[in-house]
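Here is a short report on one protein chain. Please look over the sequence and the structure first.

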Amino acid sequence: MSLETVSENRSFGGTQGVYRHASSSTKTDMTFSVFVPAHAQGSRLPVVWYLSGLTCTHANVTEKGEFRRVCAELGLIFVAPDTSPRGEGVPDDPAGAYDFGLGAGFYVNATQEPFARNYHMWNYITQELPALVAEHFPIDTGRQSITGHSMGGHGALTIALTYPERFRSVSAFAPIVAPGQVPWGEKALGGYLGADKTLWRKHDAVALIEDGARIRDLLVDQGEADQFLQQQLRPELLKAACEKAGIPLTLRLQPGYDHSYYFISTFMEDHLRWHGKRLLES
């Protein structure tokens, strides 16, 4: 699979790159970023996947996430994909809303028109992009972790719950934990997957846990001043599901923090060290 280099910059002894390729999943060009720390020639490194939230691209966390110093210290590759297909002819929300369409792929494979042709973000994130990254970068496919923010936290949770054998750890920043029960999720899952709510459950972390999915443990940070906390994020639903299922959940409510990258960058180091501990154990 061919890969175009958009940019590469030296940072903390490693390389921060941005890359573009033609995606068979979305039938568009897709752009993503990868930080590769300094490493011995021929070595393979653990990888942390980061999924972004509504309206974001790869650039938000790449420019604001403050992850490179810790990744360089721990020897972690950091991969940040885009959140949806983009380009001429890719359908968007008819009203131009920010919570559906461009920038809001919700990490599902759309079945509803006109989105079914391009919005195959589940296949892109779980199959196509991992294969591409494994081909072009020195990752150890046996040591992978995943995290994300908001809609990306939803994606990280649902993907880890679906592929627990692939990921040694999962965490999230202010995730949408139960999209089938909140306005953002109801709009997105209904618009992409249709009205049958039974089809939504495999893209709903709380529903997946209720239906028997399990992971080793989970770290979630949530700002108490987050404007979306009560209506859209509902971390108490995840807490209840994890308690019932016996999944160890570290849920930290952070006073004064909102939904922004000021919040994410503050706790990024904690999350990377959480993942690093699990990725680097034998």
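## Bends in two helices

The bend at a residue is the angle between two fitted axes: one for the seven residues ending there, one for the seven starting there. The model described here is predicted. In this model, α9 bends by about 45° at Phe 267. Helix α3 has a kink too: about 35°, at Leu 129. The proline Pro 130 follows shortly after that kink.

The start of α9 has a side-chain contact to the backbone. A side-chain oxygen of Ser 260 comes to within 3.2 Å of the backbone nitrogen of Tyr 262.

## The sheet

Nine strands make up an open sheet. Their order is β1-β2-β3-β5-β4-β6-β7-β8-β9, and the pairing is mixed. At the edges stand β1 (4–11) and β9 (249–254), each pairing on one side only. Neighbouring strands are turned by 20° against each other on average, direction ignored.

β1 and β2 run antiparallel, joined by seven bridges. One partnership is that of Arg 10 with Thr 15 in β2.

## Helices on the sheet

α3 packs on the sheet. This helix touches β2, β3, β4, β5 and β6. The direction of α3 makes about 50° with that of β3. Helix α9 (residues 261–279) also packs on the sheet. The strands touched by α9 are β4, β5, β6, β7 (169–173), β8 (218–223) and β9. The direction of α9 makes about 170° with that of β7.

Which residues of α3 are buried? They are Met 121, Trp 122, Tyr 124, Ile 125, Thr 126, Glu 128, Leu 129, Pro 130, Leu 132 and Val 133. Both the kink residue Leu 129 and the proline Pro 130 are thus on the buried list. The buried residues of α3 pack against β2, β3, β4, β5, β6 and also α4 (151–162).

## β5 and its neighbours

β5 pairs with β3 in the antiparallel sense, over three bridges. Val 34 has Val 79 in β5 as its bridge partner. β5 also pairs with β4: three bridges join them, and the two strands run parallel. Here Val 47 stands opposite Ile 77 in β5.

Side chains leave β5 in two directions. Ile 77 and Val 79 point one way, Phe 78 and Ala 80 the other. All of these are buried.

## Aromatic pairs

The whole structure holds 17 aromatic pairs. One of them is Tyr 50 with Phe 78, a stacked pair. Their ring centres lie 5.8 Å apart, with 25° between the planes. Tyr 50 lies in strand β4 and Phe 78 in strand β5, so the pair ties together parts that are 28 residues apart in sequence. Tyr 50 and Phe 78 are buried. Together with Phe 35 and Phe 67, they form one aromatic cluster.

How are the planes of Trp 184 and Phe 228 set? They stand at 45°, so this pair is tilted. The ring centres are 4.7 Å apart. The pair links distant parts of the chain, 44 residues apart. Trp 184 is in helix α5 (residues 183–193), and Phe 228 is in the loop between β8 and α7 (229–233). Trp 184 counts as buried because its relative accessibility is 4%, and buried means under 20%. Phe 228 has a relative accessible area of 21%, so it is partly exposed.

## Two loop residues

Ser 23 and Glu 88 both sit in loops. Is Ser 23 buried or exposed? Its relative accessible area is 6%, so Ser 23 is buried. The residue belongs to the loop between β2 (14–22) and β3 (29–36). The side chain of Ser 23 makes a polar contact of 2.8 Å with that of Glu 128. Glu 128 is one of the buried residues of α3. Leaving out residues up to four places away in sequence, Ser 23 touches Thr 28, Met 30, Tyr 124 and Glu 128.

Glu 88 is found in the loop between β5 and α3. Its relative accessible area is 86%, so Glu 88 is exposed. Glu 88 and Thr 28 are 60 residues apart along the chain, and their C-alpha atoms are separated by 8.9 Å.

How values were computed: Residues numbered from 1 in each chain as written. Predicted model: local features only at pLDDT ≥ 70, side-chain atom pairs only at ≥ 80, totals over all residues. Heavy atoms only, no water. Helix = DSSP H or I, 4+ residues; strand = E, 2+ residues; numbered from the N terminus. Buried < 20%, exposed > 50% of the residue type's maximum accessible area, 1.4 Å probe, protein only. Polar contact = N/O pair within 3.5 Å; in protein donor to acceptor, adjacent residues only side chain to side chain. Contact = heavy atoms within 4.5 Å. Pairing = 2+ DSSP bridges. Axes fitted to C-alpha atoms, helices over the stretch in contact; angles between N-to-C directions. Phe/Tyr/Trp six-rings, centres within 6.5 Å; stacked < 30°, edge-to-face > 60°.
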